[in-house]
Amino acid sequence: MQLVLASESPARLNVLRGAGVEPHQFISGVNEEAIVDSLPEASPEVVVVTLAEAKAQTVAAAVAHQFPDSVVIGCDSMLAHDGLLVGKPGTPEVARERWTTMAGGTGVLLTGHSVLRIQGGVVGAIASGTASTTIRFGLPSPAEIEAYIATGEPMAVAGGFTLDGYGGWFVDGIDGDPSSVIGLSLPLTRRLLVEVGVSVVELWQR
Ligand SMILES: Nc1nc2c(ncn2[C@H]2C[C@H](O)[C@@H](COP(=O)(O)OP(=O)(O)OP(=O)(O)O)O2)c(=O)[nH]1
């Protein structure tokens, strides 16, 4: 059984590799902004799951013949904070503004996953879900925030922070699944695989 990761994310790839799975990685190329704009009234959970499903379905359609007996997983992560649902800061200015409001507070990192089963080259069962993890942010000083921005890290990750990178110095704690924050929730993925008739151990590289 092959696992196809519909993601360009090195973090998601590394979570799977660290958990014994060597996926085939394909970038979906979906227009995430257009999908978010089409969901003005949707809940944060619906937004991240819709994005994850779009990525998984796009890649599954493209690889079904190449991987006729496989599962495809799509993901999306966003931070719910101060009534906003935000993704990657993108620029130093946005990262600075986010950290100025996040410091000392909490946020919820939402990760949506969608798992599609391909059998005999045909896309069949689909299972989707969301993991949410409460993040308790530390109190970096203005100088530390500037130094963190200077690393370049916060601009390229959902919520503008990491657990396993420079950002770890500024996260006091979490309530929930750490793999979900880093990029791919292992327990959620395991449950979704069961829903499409696959046991995670079938994917382990022995
Ligand atoms: N290493 C690490 N990366 C993180 C952490 N938190 C978020 N990220 C990264 C993982 C993902 O690459 C990215 C989440 O942003 P997106 O959901 O837009 O995914 P991305 O565009 O990177 O890849 P994808 O849409 O799956 O092709 O942020 C963390 O704690 N550690």
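Reader: How far is an oxygen atom of the ligand from an N or O atom in the side chain of Glu-32?
Author: The model considered here is predicted. The pair consists of a ligand oxygen atom and an N or O atom of the Glu-32 side chain. With 3.5 Å as the cut-off for a polar contact, the pair falls within it, at a distance of 3.4 Å.

Reader: Which residues come nearest to the ligand, of the 19 around it?
Author: A residue is counted here if one of its heavy atoms lies within 4 Å of the ligand. Of the 19 residues around the ligand, those that come nearest are Ser-7, Ser-9, Arg-12, Lys-55 and Asp-164.

Reader: What percentage of the ligand's exposed area does the protein bury?
Author: The side chain of Ser-9 has an N or O atom 2.7 Å from a ligand oxygen atom, and for the side chain of Asp-76 the corresponding distance is 3.4 Å. Taken alone, the ligand exposes 620 Å². The part of this area that the protein buries is 90%.

Reader: At which residue does UniProt place the feature "active site"?
Author: The annotation comes from an unreviewed UniProt entry. The residue lies in strand 3, which covers residues 70–81. The record places the feature at Asp-76.

Reader: Why does Asp-76 count as buried?
Author: A residue is buried when its relative accessible area is under 20%. Asp-76 meets this condition because its relative accessibility is 5%.

Reader: The side chain of Asp-76 makes a polar contact with the side chain of which residue?
Author: Beyond four places in sequence, Asp-76 touches nine residues named here: Arg-12, Glu-32, Val-48, Leu-51, Ala-52, Lys-55, Leu-110, Thr-111 and Gly-112. At 2.8 Å, the side chain of Asp-76 makes a polar contact with the side chain of Lys-55.

Reader: How far apart are the end C-alpha atoms of helix 3?
Author: Helix 3 runs over residues 44–63, and among its buried residues are Val-48, Leu-51, Ala-52 and Lys-55. At 1.5 Å a residue, its 20 residues should span 28 Å. The model agrees with this expectation, because the end C-alpha atoms are separated by 29 Å.

Reader: Against which strands and which helix do the buried residues of helix 3 pack?
Author: The buried residues in question include Val-47, Ala-54, Val-59 and Val-63. They pack against strand 1, strand 3, strand 4, strand 5 and strand 6, together with helix 2.

Reader: The side chain of Thr-111 is joined by a polar contact to that of which residue?
Author: Thr-111 lies in strand 5 and is buried, with a relative accessible area of 0%. Its contacts beyond four places in sequence include Val-48, Asp-76 and Ser-180. The polar contact of 3.1 Å joins the side chain of Thr-111 to that of Ser-77.

Reader: Is Ser-180 buried or exposed?
Author: Ser-180 belongs to helix 6, residues 178–182. Leaving aside neighbours within four places, it is in contact with Leu-109, Thr-111, Ala-131, Thr-133 and Ser-185. Its relative accessible area is 0%, so Ser-180 is buried.

Reader: What is the phi of Asp-82, approximately?
Author: Asp-82 lies in the loop between strand 3 and strand 4. It is exposed, with a relative accessible area of 63%. Although Asp-82 is not a glycine, its phi is positive, at about 55°.

Reader: What distance separates the C-alpha atoms of Gly-124 and Tyr-166?
Author: Gly-124 is in strand 6 and is partly exposed, with a relative accessible area of 43%. Along the chain, Gly-124 and Tyr-166 are 42 residues apart. Their C-alpha atoms are separated by 41 Å.

Note on methods
Residues numbered from 1 in each chain as written. Predicted model: local features only at pLDDT ≥ 70, side-chain atom pairs only at ≥ 80, totals over all residues. Heavy atoms only, no water. UniProt positions renumbered as here; feature names shortened; annotations may be inferred. Helix = DSSP H or I, 4+ residues; strand = E, 2+ residues; numbered from the N terminus. Buried < 20%, exposed > 50% of the residue type's maximum accessible area, 1.4 Å probe, protein only. Contact = heavy atoms within 4.5 Å. Polar contact = N/O pair within 3.5 Å; in protein donor to acceptor, adjacent residues only side chain to side chain. Areas by Shrake-Rupley, 256 points an atom, 1.4 Å probe, with all protein chains shown as cover. Expected span 1.5 Å × (residues − 1).
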